[in-house]
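Student: I would like a close look at one part of this model. Please take it step by step.

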Amino acid sequence: MSAWQIWAMLALIGAGTFALRLSFIHWFSGREVPARLRQVLRYVPAAVLPALVLPAIVYGGDAPGFHLDNPRLLAGAVAALIAFTTRNLLGTLVAGMVLLWLLQAWA
Amino acid sequence: MKVEASSRAAFWEGVRMIAPMLPGIFPFGLTAGVAAVDAGLAPAHGIGASILIYAGASQLVVMQLIGDGALPMIMVLTAYVVNLRFAMYSAGLAPHFSHLPRRWQWPLAYMITDQAYTLTVLRAEQHPSRTDAVPFYLGAAGVMWLVWQIATAIGAFVGALVPSSWSLGFAVPLIFMGMLVLAVNDKPTMVAAVVGGAVALLGHALPMNLGLFLGAVAGIAAGVLAEWRLGRGKA
């Protein structure tokens, strides 16, 4: 993509995101979120995040795939364990990065 | 608008309440700046994304998709899906903001984040009689905005100096993993996560990052279905 295409895309995403933020404050002020929509919105983070995480870990690095030469698999698995036991964002980030660097240095 | 002493106090209360979250937000912002450069963009694009979009998770998603060479249309749609929750926040804040003139509504709406929304709505629930939600929100959301912009700008410039062998891009899925833990808090959300991840993994080789989009849609559908099947809130 050229520089101006990237600017156009960022502006488009920004405008849509602003519209979502403004929606009920400005256009539908005083109206409740429909129950059906609220039910769908509840599952957006839970569904989107693993769809981003898993492919990026398994197929994201220089050695993509399910095999032991892919350092992201082990680093990602340990980070997942830390994430679920401590629920600490910064701890998960630091542990995953340090482990990846150690595994890369070792290889 | 006359600024009264109580409004000023509420503003500073908002600043104080957001302060403990900043140590977590700063590295997140740094990563968003680094991710832009990592995806091959100029630092100005990373800073521009923070100002134009101002939503961390979707900024990281877009950077990841740019790095993968996805179709621009898929990037825009995926960012909208990730940011759908802001419609819910908008509804939650509307009772506090609706009486304001438009020149106040627009900047206040632009500054909506998970954190500023949560703090403001929780405070309003605990103190229903208070009428100073706007200055409180302004204090919390304003500081958050400033810190985010500074952190992404630093990340965008530092990221340009870091060699790619450091694999800083790996920080993006790690941050999402840390956020995922908070999003999965019952059986239906667990089902949504497993289906979303599995479909995206199976579809990783699809062109234009369609796998991510399909995974997200399948995961949301599975979560709603699981909720319906488990009779949650429907019994």
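Where is the place of A:L102 in chain A?

Tutor: This is a predicted model. A:L102 sits in helix α5 of chain A, which covers residues 89–106. Its relative accessibility is 54%, so A:L102 counts as exposed; the cut-off for that class is over 50%.

Now the surface around it. A:L102 helps to make a nonpolar surface patch of about 550 Å². The other members from chain A are A:L90, A:V94, A:V98 and A:W101. Chain B adds B:W166 to the patch.

Next, the loop between α4 and α5 of chain A. A:R87 lies there. Its phi is positive, at about 55°, and A:R87 is not a glycine. Most residues other than glycine have a negative phi. A:R87 has 46% relative accessibility, so it counts as partly exposed.

Chain B offers a second case. B:Y54 has a positive phi of about 50°, and it is not a glycine either. B:Y54 is placed in the loop between α3 (43–52) and α4 of chain B. Its relative accessibility is 2%, so B:Y54 counts as buried; that class means under 20%.

Helix α5 of chain A also leads to the pockets. The largest pocket holds about 1200 Å³ of space. Its lining has 44 residues, and B:R85, B:Y89, B:D114, B:M179 and B:L182 are the closest to its centre. From chain A, α3 (44–59) and α5 each give two or more residues to this lining. From chain B, the elements that do so are α2 (22–38), α4 (56–68), α6 (85–97), α8 (114–126), α9 (133–159) and α10 (171–183). Helix α10 of chain B gives the most, with six residues. By class, the lining of the largest pocket has 31 nonpolar, nine polar and four charged residues.

The second largest pocket holds about 900 Å³ of space. It is lined by 42 residues. Nearest its centre lie A:A56, A:G60, A:G61, A:R72 and B:D68. Helix α5 of chain A is again among the elements that give two or more residues, together with α3 and α4 (71–86) of chain A. Chain B brings α2, α4, α10 and α12 (210–229). The lining of the second largest pocket divides into 23 nonpolar, 15 polar and four charged residues.

Back to the start: α5 of chain A carries A:L102, and α5 gives two or more residues to the lining of the largest pocket and to that of the second largest pocket.

How values were computed. Residues numbered from 1 in each chain as written. Chains lettered and ligands numbered in written order. Predicted model: local features only at pLDDT ≥ 70, side-chain atom pairs only at ≥ 80, totals over all residues. Heavy atoms only, no water. Patch = residues over 30% accessible without salt bridge, like charges linked within 9 Å, V, L, I, M, F, W, Y side chains within 5 Å. Areas by Shrake-Rupley, 256 points an atom, 1.4 Å probe, with all protein chains shown as cover. Salt bridge = Lys/Arg side-chain N within 4 Å of Asp/Glu carboxyl O. Helix = DSSP H or I, 4+ residues; strand = E, 2+ residues; numbered from the N terminus. Buried < 20%, exposed > 50% of the residue type's maximum accessible area, 1.4 Å probe, protein only. 1 Å grid on protein atoms, 1.4 Å probe; cavity = no way out; pocket = protein on both sides within 12 Å on 5 of 7 lines; lining within 4 Å. Points joined across faces, edges and corners; volume = space filled by probe spheres on them. Nonpolar A, V, L, I, M, F, W, Y, C, P; charged D, E, K, R; others polar.
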